[in-house]
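Hi everyone, thanks for coming. Let me put today's structure on the screen.

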Amino acid sequence: MAGITKAMSKFRLAVVQLHVSKVKADNLNRARRLIKEASGQGAKVVVLPECFNSPYGTSFFPEYAEKIPGESSQVLSEAAKENEIFLVGGSIPEEDQGKLYNTCSVFGPDGSLLVKHRKIHLFDIDVPGKIRFQESETLSPGSCLSMFDTPFCKVGVGICYDIRFAELAQIYAKKGCQLLVYPGAFNMTTGPAHWELLQRGRAVDNQVYVATASPARDETGSYIAWGHSTVVNPWGEVITKAGATEEVVYADIDLQYLADVRQQIPITAQKRTDLYSVNTVQDG
């Protein structure tokens, strides 16, 4: 029994940094191939990037939007089942009752839909002379937290801009998540400044693993993703990081190491809940 418990305390995570084109069918076929490649390398959990089936941009969201279930989610379901993995399906533009969402679907090893996370915090920024982007011009925000269980640990899901909000990560950790996954497409302004910093912050503050999946960088695109998909451990160390081009990177998640970190620096037990707390207004 101890051997089984020890085996379940470790698992391989794969992050797919996908090159995304304007041809949806090509994106889906490429994702399917790289998911299979990751499974062949022993990955039990695979994460795709934000907007993996379409270019990222407010002009593209209406054109590429689908219902869930739909074409892209069907491909994800089949890939999860074929490879017997937990698949965090990046995100796609989702259409539902006349509204558009930036949505991540997660599928289990039997192909079933485990959770659907609609991006909670929309990416509306304006950095003069560098970048202006307003997701709210076309997208609506989600209104639920999203977690799913695996035989290894509970996982919390966010999308890109969600990572900037420390409260979301704190709540996920409070609810027992030991791995947080953020499909995301930071850009050439915010990427070098904040991408790794935010991941390391969320990881060390909550003593969890954090994984991010970016599209590969395409210098010809209207929106250029930073790339550098990353996995950070509970000590705040980067344990794997992609470059700018398409690739699959791997990390062996060690939940005993996580437990050791929490024992050595027991911040959870030391929180002054008599002075402060972070709670959900509504459960989702």
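I'll talk about one helix first and then about aromatic rings.

A word on the source: this is a predicted model, where local features need pLDDT of at least 70, side-chain atom pairs count only at pLDDT 80 or more, and totals for chains, interfaces and linings use all residues. Residues are numbered from 1 along each chain as its sequence is written, and side-chain values use heavy atoms, with hydrogens and water left out.

So, helix α6. It covers residues 190-206, 17 in number, and spans 23 Å from first C-alpha to last, close to the 24 Å expected at 1.5 Å a residue. That expected span is 1.5 Å times one less than the number of residues. Helices here are DSSP runs of H or I with at least four residues, strands are E runs of at least two, and both are numbered from the N terminus.

Which residues of α6 are buried? Among them are Trp195, Leu198 and Arg202; buried means under 20% relative accessible area, exposed over 50%, and partly exposed in between, with a 1.4 Å probe and protein chains only. Just after the helix, Gln207 takes a positive phi of about 55°.

Now the rings. The whole structure holds eleven aromatic pairs. Phe, Tyr and Trp rings (six-membered for Trp) pair if their centres lie within 6.5 Å; planes under 30 degrees apart are stacked, over 60 edge-to-face, the rest tilted. Phe60 and Tyr64 are edge-to-face because their centres are 6.2 Å apart and their planes at 65°. Both Phe60 and Tyr64 are buried. Thanks, everyone!
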